[in-house]
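I sat down with this one over coffee and kept notes as I went. Here is what I looked up, entry by entry.

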Amino acid sequence: MRNLINLNRGWRFIKEDAGLPEHLPESWEKVDLPHSWNAIDGQDGNGSYARQKCWYARSFETPGQPLGGGRVYVEVLAAGQQASVYVNGREAVYHEGGYSAFRADVTDLCKEDGENLLVIACSNESKSNVYPQAADFTFYGGLYRGVNLISVPEVHFDLDYYGGPGFQVTPKTCVGGGATFECASWVANPDENFTVMYSVKDAGGREVAAAVRPADDTKVTLYVADAVRWDIDNPYLYTVTATLLRRNEAWDEVSARVGVRSFSCDPEKGFIINGVKVPLRGVSRHQDRMYKGNALTKEDHYEDARLIKELGANTIRLAHYQHSQDFYDACDELGFIIWAEIPFISVMSKDPAAHENCISQMKELIIQNYNHPSICFWGISNEILIGGISDKLVENHKELNALCKELDKTRLTTIAHVTMTPVDGPMHGITDVESYNHYFGWYGGKMEDNGPWLDNFHKVHPEICLGVSEYGCEGVITYHGPNPACKDYSEEYQALYHEHLAKVFDERPWLWSTHVWNMFDFGCAARDEGGVRGRNNKGLMTIDRKTKKDSYFVYQAYWSKKPMVHVSGRRYAQRAGETTEIRVYSNQPEVALYLNGKLVEEKSADKVFVFTVALNDGFNVVTAAAGDLRDSITLEKVEKEPSIYVLPEVNERAEGVANWFKLVGDLDLKAPMQFPEGKYSIRDTAEEISKSPEALEILTNAMRLTLNMRVAPGEGMWDMMKSMTLEKALEMGGTMVPEGFAESINAKLTEIDKK
């Protein structure tokens with residue numbers, strides 16, 4: 001029988017390209033897996049992180065096979081971003097792609113007895129043919145999901161096909177309440193003595209269907225009467241097992257937990273599961289944690305899933321790559337609808353071999369995860385037009401979509417458009433459903449622009465199932481104030497923004513899905529925003545999972561079926577002024593507010609309850625009551641609120657637009673928009689502008705003032721932004737770009753000759 005041996009303990013590691021060792025290097029650092037060498041520098045805000053080749057080594061004994069003639073595989077669950085596996089000094093496999101599992105048959109490289117040396121060279125260096133090329137997150141390096149040794153008999157379920165399980169189950173609902181389970185398995189080296197026995201067991205472990213097939217023709221359909229549907233509120237799982245038999249003996253066995261469900265999307269009705277309309281409302285998730293990087297344990301993954309379930313979300317977009325099997329398992333168990341995608345993101349590489357990497361990563365994503373009932377959508381790219389559009393890019397998308405359909409006829413395909421993707425254009429109609437990443441109210445425009453934009457698209461394209469794949473804004477729990485505004489990074493503005501968007505989406509049930517960006521703050525070594533470096537702070541929770549921001553409770557009020565009440569503003573603990581505003585989030589129809597035990601007011605409202613109170617001098621206890629529910633915070637009335645509550649840059653802006661312009665020199669606010677030949681302009685890409693030090697300085701200052709980002713070669717968001725024109729970048733700044741700013745920047749650039 002198959003024997004899986006965990007190899008996560010007892011590794012040696014060196015953070016340099018030390019080369020292939022001949023013996024176990026005792027001088028290297030001792031580490032256990034999962035491990036990433038970017039756990040600290042990928043989030044600490046120093047502006048860069050180690051992107052290099054590093055080495056891991058450990059020894060193992062060759063596992064015996066009682067049946068004789070067996071095979072031994074090394075299984076790497078993920079290695080960021082490229083990896084070579086060596087056994088006893090010989091290369092067993094080289095793999096490109098940092099998020100999927102891969103295996104190597106090392107039987108012929110192992111010694112018959114004694115210790116074997118296993119060495120893995122792992123690299124997160126940039127490579128032109130490996131995605132992701134450029135994106136707004138840290139590309140962690142390391143063996144961050146673990147390594148196994150698998151011993152199987154000579155005849156076994158296949159382990160060589162794109163890291164898959166060699167076993168595929170397709171449950172389908174039937175009229176009358178039954179369900180079919182279409183099973184297929186692939187057996188290596190079978191002969192006429194072998195058969196495959198299939199068994200379907202219900203959630204209680206009772207066998208409800210069975211079948212046997214010859215090992216060289218293993219496709220079969222089993223039927224279960226009165227099958228229980230897998231649903232968001234009842235994620236019922238059947239266990240399907242395939243056992244490889246030789247006469248009276250089991251030689252190998254694989255199993256999968258699957259769910260019986262039907263689903264579809266409709267442009268007017270939105271998402272439908274098992275015949276019931278259920279708007280998908282949820283979050284996106286990255287797979288890293290504070291000072292762990294992406295080296296998460298099974299417990300970490302399950303905790304994340306439970307926190308999202310507590311929020312009341314019913315869908316998760318797993319950005320921007322294949323996630324851990326542990327997390328997919330958790331989603332199967334808890335009843336999430338999942339969007340899973342590959343890291344074809346931001347910029348399409350000019351290297352022709354990069355498309356083959358896209359194809360390989362898509363095959364691995366689908367083949368390795370086919371049996372998970374939670375996955376309903378395969379995503380083929382994200383914000384890819386940041387790097388521009390071409391006929392080849394459109395052709396590649398069509399090929400990826402066709403590949404998804406070839407590998408999986410049961411699921412829908414989707415895409416996440418960058419906000420600037422034209423409403424009409426060749427990127428529409430490729431996938432089954434579509435979504436947009438919109439940040440109106442943060443990077444451009446006002447939050448009030450979201451509803452009209454969605455309505456207009458729906459009017460122009462009534463045939464397209466539309467969703468919102470990203471939306472959000474930064475919320476740093478240090479910053480507070482009575483007048484929250486865009487780009488002040490305050491917890492209050494983030495909450496107001498999500499109050500508005502939650503209502504916009506609630507009023508448009510035809511949106512097939514919406515996904516908050518992001519559930520958790522996450523590592524992005526290039527970022528320096530809001531006084532917090534090395535992080536994207538758009539999460540509803542902090543990266544350490546310790547603090548739920550007020551915006552978290554906005555969605556709990558909208559989505560959770562469990563009664564709740566939450567008084568916001570607890571970290572805005574010291575307040576000045578005659579009165580102060582208290583906002584309460586609840587899914588109950590009425591909320592009463594008490595100040596120091598005395599009733600202030602009782603209100604009826606929908607999700608958001610707003611009260612005005614006059615605090616007493618010193619400390620005050622504010623309590624909200626909704627039925628039997630209570631929540632309290634303590635506030636102190638002060639003469640002057642702490643300066644730490646306000647980001648210093650916000651104070652600078654408050655002094656007026658003139659001070660902005662001093663930072664880049666005297667500018668003409670009414671300069672005409674001209675684009676003389678041979679001169680730089682805002683219509684040039686950042687990469688083109690960077691050829692001139694003088695023009696680059698103007699670009700760098702403009703981006704810092706409007707987007708609060710460091711954008712310069714070799715730092716900040718350069719790799720992602722270099723293909724974008726300054727004109728498009730300034731559009732992202734929206735209301736934060738003062739009138740005349742783009743014109744004056746352009747006038748400055750047109751004074752500089754292109755060389």
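**Contacts along the chain**

I began with the contact list. Of the contacts in the protein with a separation of 6 or more, 70% are between residues 24 or more positions apart. I kept in mind throughout that this is a predicted model.

**Confidence**

Next I checked how far to trust the coordinates. The mean pLDDT of the protein is 93, and 95% of its residues reach 70 or more. I did find a weak stretch: over residues 654-658 the pLDDT is below 50. Beyond near neighbours in sequence, residues 654-658 have one contact in the model. I leave the details there alone, because predicted coordinates should not be read in detail where pLDDT is low.

**Overall build**

I counted the secondary structure and got 14 helices and 42 strands. Then I looked up the radius of gyration, which is 28 Å. The globule rule gives 27 Å for 755 residues, so the protein is as compact as a globular protein of that length. I also took the spans of the C-alpha trace along its principal axes, which are about 85 × 70 × 55 Å.

How much of the protein counts as buried? I found 60% of the 755 residues in that class. The accessible surface comes to about 29700 Å², and carbon and sulfur atoms hold 48% of that area.

**A strand residue, S284**

I picked S284, which sits in strand β23, residues 280-285. Is S284 buried or exposed? Its relative accessibility is 0%, so S284 counts as buried. I then listed what S284 touches, leaving out residues up to four places away in sequence. The list has R317 and S469, and it goes on with H515, V516, W517, N518 and M519.

**A patch on the surface**

From there I moved to the loop between β23 and α1 (298-311), where I found M290. M290 counts as partly exposed because its relative accessibility is 31%. M290 joins I40 and Y291 in a nonpolar patch on the surface. Together the three have about 260 Å² of accessible area.

**Cis peptide bonds**

I noted two peptide bonds here. One joins G80 and Q81; this bond is cis, with omega about -5°. Q81 has its place in the loop between β5 (71-76) and β6 (82-87).

The other runs from A319 to H320 and is also cis, with omega near -25°. I located H320 in the loop between β24 (315-318) and α2 (325-334).

**Positive phi outside glycine**

My last entry is on backbone angles. R545 is not a glycine, yet its phi is positive, near 65°. I traced R545 to the loop between β32 (532-536) and α7 (550-559). With a relative accessible area of 7%, R545 is buried.

K607 is not a glycine either, and I read a positive phi of about 80° for it. Where does K607 lie? I found K607 in the loop between β37 (598-604) and β38 (608-613). Its relative accessibility is 17%; buried means under 20%, so K607 counts as buried.

Note on methods: Residues numbered from 1 in each chain as written. Predicted model: local features only at pLDDT ≥ 70, side-chain atom pairs only at ≥ 80, totals over all residues. Heavy atoms only, no water. pLDDT = per-residue confidence, 0-100. Contact = heavy atoms within 4.5 Å. Helix = DSSP H or I, 4+ residues; strand = E, 2+ residues; numbered from the N terminus. Buried < 20%, exposed > 50% of the residue type's maximum accessible area, 1.4 Å probe, protein only. Patch = residues over 30% accessible without salt bridge, like charges linked within 9 Å, V, L, I, M, F, W, Y side chains within 5 Å. Areas by Shrake-Rupley, 256 points an atom, 1.4 Å probe, with all protein chains shown as cover. Salt bridge = Lys/Arg side-chain N within 4 Å of Asp/Glu carboxyl O. Rg over C-alpha atoms; globule rule 2.2 N^0.38 Å.
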